[in-house]
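The following exercises are to be worked with the sequence and the structure at hand. Each task is followed by a solution in steps.

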Amino acid sequence: MSNFTQLIEELKKLKSGLFEKDFLLTWDKTEDELRQTLLVAEALKHLRDHNISAKVFDSGLAISNFRDNSTRTRFSFASACNLLGLEVQDLDETKSQIAHGETVRETANMISFLTDVIGIRDDMFLGEGHTYMKEVGDALDDGFQHAVLPQRPGIVNLQCDIDHPTQSMADLLHLVNYYGGLENLKGKKIAMTWAYSPSYGKPLSVPQGIIGLMTRFGMEVDLAYPEGYTLIPEVVEMAGKQASASGGKFRVVNSMDEAFANADIVYPKSWAPFAVMQQRTQLLKTYDKDGLKALEQQCLSNNARFKDWECTEEKMKLTKGGKALYMHCLPADISDVSCKEGEVAASVFERYRIETYKEAGYKPYIIAAMILNNKFSNAAEMLENLYKAGKKRVL
Amino acid sequence: MSNFTQLIEELKKLKSGLFEKDFLLTWDKTEDELRQTLLVAEALKHLRDHNISAKVFDSGLAISNFRDNSTRTRFSFASACNLLGLEVQDLDETKSQIAHGETVRETANMISFLTDVIGIRDDMFLGEGHTYMKEVGDALDDGFQHAVLPQRPGIVNLQCDIDHPTQSMADLLHLVNYYGGLENLKGKKIAMTWAYSPSYGKPLSVPQGIIGLMTRFGMEVDLAYPEGYTLIPEVVEMAGKQASASGGKFRVVNSMDEAFANADIVYPKSWAPFAVMQQRTQLLKTYDKDGLKALEQQCLSNNARFKDWECTEEKMKLTKGGKALYMHCLPADISDVSCKEGEVAASVFERYRIETYKEAGYKPYIIAAMILNNKFSNAAEMLENLYKAGKKRVL
Amino acid sequence: MSNFTQLIEELKKLKSGLFEKDFLLTWDKTEDELRQTLLVAEALKHLRDHNISAKVFDSGLAISNFRDNSTRTRFSFASACNLLGLEVQDLDETKSQIAHGETVRETANMISFLTDVIGIRDDMFLGEGHTYMKEVGDALDDGFQHAVLPQRPGIVNLQCDIDHPTQSMADLLHLVNYYGGLENLKGKKIAMTWAYSPSYGKPLSVPQGIIGLMTRFGMEVDLAYPEGYTLIPEVVEMAGKQASASGGKFRVVNSMDEAFANADIVYPKSWAPFAVMQQRTQLLKTYDKDGLKALEQQCLSNNARFKDWECTEEKMKLTKGGKALYMHCLPADISDVSCKEGEVAASVFERYRIETYKEAGYKPYIIAAMILNNKFSNAAEMLENLYKAGKKRVL
């Protein structure tokens, strides 16, 4: 109880401009806004854990637009919307005409007459996902200004080509709980490193999201990858600036060992090189199947040169006291379990398995917090009222 | 506020038999019943716009059965049901056995045990959609009479081969709001005209729905199409009779210019000729792919003879003061935007774009009104109670 | 009203351990637990029939996982969840990685953070469906114990390779209502017999579910099939033991006539022989298309030897007074209606059609009862409170 009251008190101290703003990139948000997202997520979790209803909507639609497959994020979005009282309707583009130019503008309005929030995943094409989300946002602004829409639905980025904010914020909330407070992250070393995977074409948005967020809080962030596996240059540059500003550190190294050395936290995860993703985007656009196959072949054989980029027990011994916290967005490529050789040794994964599940478990609340902050100007007051009302979620 | 009270007062004056009746064709409804549908839609929109809950169902299912693709109507139906408190479940026929005879009767009952409303789109086969909906209705009557079903789900026609009442009623509500009252439509000229499109096989239900509805209110309705692009003869005949009865006019012309001349409203929209739709239905039934391809080819080249049936700036100048209201059910084939040559010039569409969006925006409320009138014997009282209760939709 | 009170009084007398236990097999439940399921289903039906809300959840997700097509059970599950206030989210495995070993454990947790119930249909592979459900259950136990999940979602078996408890319990509730009480079933003869069908590979779970349940209540159960069409031996053996224990009878005969002789109830329904299902499981696992085609051919031609296993008017005359109650889980293969030669003559089916619809109509309430008993330790009290609150389902 005092826990909840404390959360609300902290919330009230923050200055936030999240109201009526889409949540597309964490680095577009101020530190207070990120803190507010974390606190609201915690408060919503508290309500749910104490069987108190958080239904702030009596009715209303939430549209999900998954332009790529998803299980985890799909269910997290559905859970978040349901928690708040919104019903999810999936926009299946195979049955619609949503595409480019005119039609994005039109469809965005057509699905939004009674819609409060839109969640979008669009991570396939480098240079497009984020652009698409902004285009949808502009269309909604236009519709709202012209009184086509009685409300401006908020947009939540459920993963784009640049950032994966619902993932990185859930990861951050996990760290906050693991270390007992955001302030305790100061000076902690996190190793965001590439890891070997037998698959290819994994998006860049997770590592970008991690370095783009963790450099905000005075952490020591190491980004490690084999030569050539670069991320979007602008994001890497920004991470460096953020680290300086927050009193933290950021460096790029080409050795997993170096990144793991004395790390408090390790995040070994595969991705495709930026240059490959650029080529792939072109090939996908032109439906060049042969080109795609050739690129995949070339990329996989290049990957194979770095099979030693695996989070093994040996590598874990390099970390602080040999006990760094292992993180992953799941599903991980686990050696001898989900594949022959992968990102992480089975024994390492198994030891941290429950922690990775808990890490994932914050995502529904992070999404719900993003929605709540977008739709209510005073989240603290709203949460306080829910708490006082104390309506049971389950009778 | 006085606005809402006025709507309710008007509602109370009407005599309506909408309770427990399916909404399949507008011409099966009396003028009072159509007025009631418009008024209830307006009242529901008023509630929603003032953040008042219209949740008349605490729980209950609404089944959607889309036998053809749809985005706009799908989301309108979902929005309407959610507004009233019903949860949409989609009947995906690829996973079921719903078909003909025995099985329609059975499936209609199997999905309806706890169902309050069923929305059906079935516009592919000429001579079938409406028949199918009546068959479902008969099956539900049978199940309800034999106490298989604790309630008789109402059916809403979400587009059949003959009529598209949720579209035409939304169009009408748009006109009512645009001109400041249903009585102001008297004497207004509307041109429902064919327009060129590079696609083929577009259903007849929109133009049929428009001439079948707009002739009820003393309007001057011109139906225009190139020779051969006839609609279902019985519907055209009926439109003529209705126009006479309502003190309006109805004529068929073979010139877009003639229809546009001095028109207050223009509705240029492509459709396939009745005879072609009959042939197509036969070919679809026999899965005759070659036949379908040949018919499409023939039809498209015939269409191409009428590329000048485009709603251009020049044509718009022919209308009353050059300022007729442009209408469309969307998506429109916009020249140089969604296609090279289409139904409407880009500059004309752009000028009326926001109006067409608003037009579409009435559909969720029209559908909700159809449901409310079907399930409640006294809609006025119900709406008044919701208004007085004043429960917030969003806290 | 006194009807409802009586239901609650009966409920209060029962000792039940259904709370927090999955409902996978009827024979894992005590007689009191089965009675409780029936009574709660009746009480929920009473509430719904009297327009009283049974919404015990303010929010919460229900996951459906259909690993095989379904219409009836899909809508029954959706109806049940909606009745109680849960929103269904479908886990579409084509878009996820749920499979075996590690991944079942992970996915089970990933979809369950805010989930109250999971309904699973998995009836394709002999030896797998039930095993899969237990695996999911173990994963959920693990997640709950480690505080990954704030609640342990209950599992409802929506048909596995062994049992189909939502079907057999709905069938039983139909009999209870048809004969005016569970005690009136004592001594009644039911003929669960194989019947000819032009299709193949129908699961064994319905006949197994029937003999596994009806032998619990002192009935005389005849299982009849042509030589070779055996069920899982262990289930048949268990049915015999149960019949003895309950003061009923159980025998296996190879003649439809013998089973029909003096029967009070007949349940003629096709299934594939146990041995064939075992072979089929192997072939399905290895994607052996030719093998499957050959097996189907062989099986269909074997079926064809038993076309006289049809529930005809003649056969019906053999039953008690010629008036046995005909039952079926639907859809039935009706001769001259849904196929040329099938399980049942058209005139017999038509005479009992409405009864089979009513039989199916109990399924949503049975499922809702299973959920309610799983989530609430005192169902009687909960139902009483709902009744007293008397909140209207439809305003």
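Which strands of chain C does helix H8 (residues 233-246) of chain C lie across, and at what angle does it run to S7(C)?

**Conventions.** Residues are numbered from 1 along each chain as its sequence is written, while chains are lettered from A and ligands numbered from 1 in the order in which they are written. The model is predicted: local features need pLDDT of at least 70, side-chain atom pairs count only at pLDDT 80 or more, and totals for chains, interfaces and linings use all residues.

**Exercise 1. Solve the opening question and describe the sheet.**

Step 1. Identify the elements: helices (H or I, at least four residues) and strands (E, at least two) are DSSP runs, numbered from the N terminus.

Step 2. Helix H8(C) lies across strand S6 (220-224) and S7 of chain C, and its direction makes about 145° with S7(C). Such axes are lines fitted to C-alpha atoms, for helices over the stretch in contact, and angles run from 0 to 180 degrees between N-to-C directions.

Step 3. Write down the strand order: the open sheet has 5 strands, S7-S6-S5-S8-S9 (chain C), with parallel pairing. Two strands pair if DSSP finds at least two bridges between them.

Step 4. Find the edges. Strand S7 (249-253) and strand S9 (325-326) of chain C each have a single partner strand, so one side of each is left without a neighbour in the sheet.

Step 5. Examine one pair: strand S8 (residues 265-268) of chain C runs parallel to S9(C) and is joined to it by 2 bridges. Opposite Tyr326(C) in S9(C) stands Val266(C).

**Exercise 2. Classify two helix packings.**

Step 1. Recall the classes: angles under 35 degrees count as roughly parallel, over 145 as roughly antiparallel, 65 to 115 as roughly perpendicular and the rest as oblique.

Step 2. In chain C, helix H6 (residues 165-179) packs on helix H7 (residues 205-214) at about 50°, the axes being 9 Å apart. Therefore H6(C) is oblique to H7(C).

Step 3. List the contact, where two residues count if their C-beta atoms, placed from the backbone, lie within 7 Å. H6(C) contributes Pro165(C), Gln167(C), Ser168(C), Asp171(C) and Leu172(C), and H7(C) contributes Val206(C), Gly209(C), Ile210(C) and Leu213(C).

Step 4. Sort these residues: 5 are nonpolar, 3 polar and 1 charged. Here Ala, Val, Leu, Ile, Met, Phe, Trp, Tyr, Cys and Pro count as nonpolar, Asp, Glu, Lys and Arg as charged, and the others, Gly among them, as polar.

Step 5. In chain B, helix H2 (residues 31-49) and helix H15 (residues 379-389) pack at about 10°, with axes 11 Å apart. Therefore H2(B) is roughly parallel to H15(B).

Step 6. Gln36(B), Val40(B), Ala43(B) and Leu47(B) of H2(B) meet Ala379(B), Leu383(B), Leu386(B) and Tyr387(B) of H15(B). The contact of H2(B) with H15(B) has 7 nonpolar, 1 polar and no charged residues.

**Exercise 3. Relate chain C to chain A.**

Step 1. Two copies of a chain are related by a rotation about an axis and a shift along it.

Step 2. Chain C is superposed on chain A by a rotation of 120° with 0.0 Å of shift along the axis (RMSD 0.0 Å), using least squares on the C-alpha atoms of residues with pLDDT of at least 70 in both. The two copies are thus related as by a three-fold rotation axis.

Step 3. Within chain C, the C-alpha nearest the axis belongs to Glu87(C), 4.7 Å from it.

Step 4. Turn to the contact, which takes 25 residues from chain C and 30 residues from chain A. On the side of chain C, H4(C) gives the largest share, 6 residues.
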